[in-house]
Structures are given as C-alpha cells and as structure tokens.
Amino acid sequence: MKMYYTVLFCVIFSGLMMAQNRNIEIGKKAPEITLTKADGSTFILSSLKGKMVLIDFWATWCAPCVEEQPELKTLYTTYAGQEDSHKFEILGVSLDKNKESWQKAIDRFAINWIQVSDLKFWKSPVAKLYEVDELPFNIIIDGEGMIIAKNLHGKDLEDFLKKNLN
C-alpha cells in the first residue's frame, strides 16, 4: 500500500510540475519582465504595449547568439525603422554575467534596440520564468502581450515578421 501512495504522489507531483512549466506557450500571456538596461535604468516589458515585440534571449558567450545579431540588426532596421515603427520592437535579454562584455557587444554590433540584463547568467529569474534552457531563444508577443510565436530564427523569423508586420 505504501508503494501505491508513493507512485500516486510521484504521478501527481510530476503532473503539477509539467503544468507549471507550460507558462510559455503560444496563446498565453507573456510574463512581465522588469530588468535593468545597460545604462542602469529600469525597463518594464509592459511599457511596449501596442507593439509586436521580439524578446531575444542571448549572451555574448553564445556563438550562435553573436552570429544572429547582424540578422536581428537588419530586421530591426527594416521593421522598426519604418514610418510606422510604433508597431515593432526587439527586447534583448542578456544572460551574461559580466557587464563589460555585454556592453562591448552592444557597442561592437551597434545594437540600437532595448537591451536588459540582471547579469545573473543561467540563474536569472527571468530566464527561469521564460523557461529558457538553450540559447539563442526567443518569443514574439503581440500588442496585448500574448505569445504569438516561439523560437523562430533566420528565414522563419524573417518570413513571420514580413507576414505579420506588412
């Protein structure tokens, strides 16, 4: 009987844990993000209400993330640089732990979209909240903060933006 209750407990507990880890799904509201920008000011994701936002989780120590920055720059210039630029924004969330490395990458790539970090590496509460377990990782939210796409890169990301912003 004891074995029965142990198995039952494990099944229920694992079910609860799986349900808990399904916060970042298409159609769900994106959790709020409040983090520090490179200049030391505070940024809040909900301040971008009304815009489609690409939330890009990256780090300077992640080679694929670094390789992706020029592509993001092109997309940002194309879609946030238009007359109706109020429709799109990129929010870079760095999982770096060294502010100097992070700032140097921002400068080197001339990143002109919003960059935030808590400099806590993989221990970042925001990375945990967004269930980030690999980089690069991204989420796209609509103007109401609902998740509309997840982990699109390269041509898939470009096609998605072209379809949804034109």
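**Strand 4, its neighbours and the salt bridges**

Leu 91 has Ile 114 in strand 5 as its bridge partner. Helices and strands are DSSP runs numbered from the N terminus, with at least four residues (H or I) for a helix and at least two (E) for a strand. The model is predicted; local features need pLDDT of at least 70 and side-chain atom pairs count only at pLDDT 80 or more, whereas totals for chains, interfaces and linings use all residues. Residues are numbered from 1 along each chain as its sequence is written, and side-chain values use heavy atoms, with hydrogens and water left out.

Strand 4 pairs with strand 5 (residues 114–117) in the parallel sense through 4 bridges, pairing being assigned where DSSP finds at least two bridges between two strands. Between these strands the chain passes through helix 3 (residues 99–108), giving a right-handed β-α-β crossover. Right-handed here denotes a clockwise path from the first strand over the helix to the second, with the strands pointing away from the viewer. Strand 3 (residues 52–58) also runs parallel to strand 4, and 7 bridges join the two. In this pairing, Trp 58 is matched with Ser 94 of strand 4.

Strand 4 spans residues 88–94, and 7 of its 7 residues are buried (under 20% relative accessible area; exposed is over 50% and partly exposed in between, with a 1.4 Å probe and protein chains only). In a regular strand, side chains alternate between the two faces of the sheet. Both faces of strand 4 are covered, with Phe 88, Ile 90, Gly 92 and Ser 94 on one side and Glu 89, Leu 91 and Val 93 on the other.

The structure contains 5 salt bridges, each defined by a side-chain nitrogen of Lys or Arg within 4 Å of a carboxyl oxygen of Asp or Glu. One of them joins Glu 89 to Lys 51 at an N to O distance of 3.8 Å. Because Glu 89 belongs to strand 4 and Lys 51 to the loop between strand 2 (42–44) and strand 3, this contact ties together parts 38 residues apart in sequence. Glu 89 has a relative accessibility of 8% and therefore counts as buried.

Glu 25 and Lys 150 form another salt bridge, with 3.7 Å between the closest N and O atoms. Glu 25 is in the loop between helix 1 (2–20) and strand 1 (34–37), and Lys 150 is in strand 7 (residues 147–150), 125 residues apart. Glu 25 is partly exposed at 32% relative accessible area, as is Lys 150 at 30%. A further salt bridge connects Glu 100 and Lys 104 (3.2 Å, N to O). Both residues lie in helix 3, 4 residues or about one turn apart, and both are exposed.
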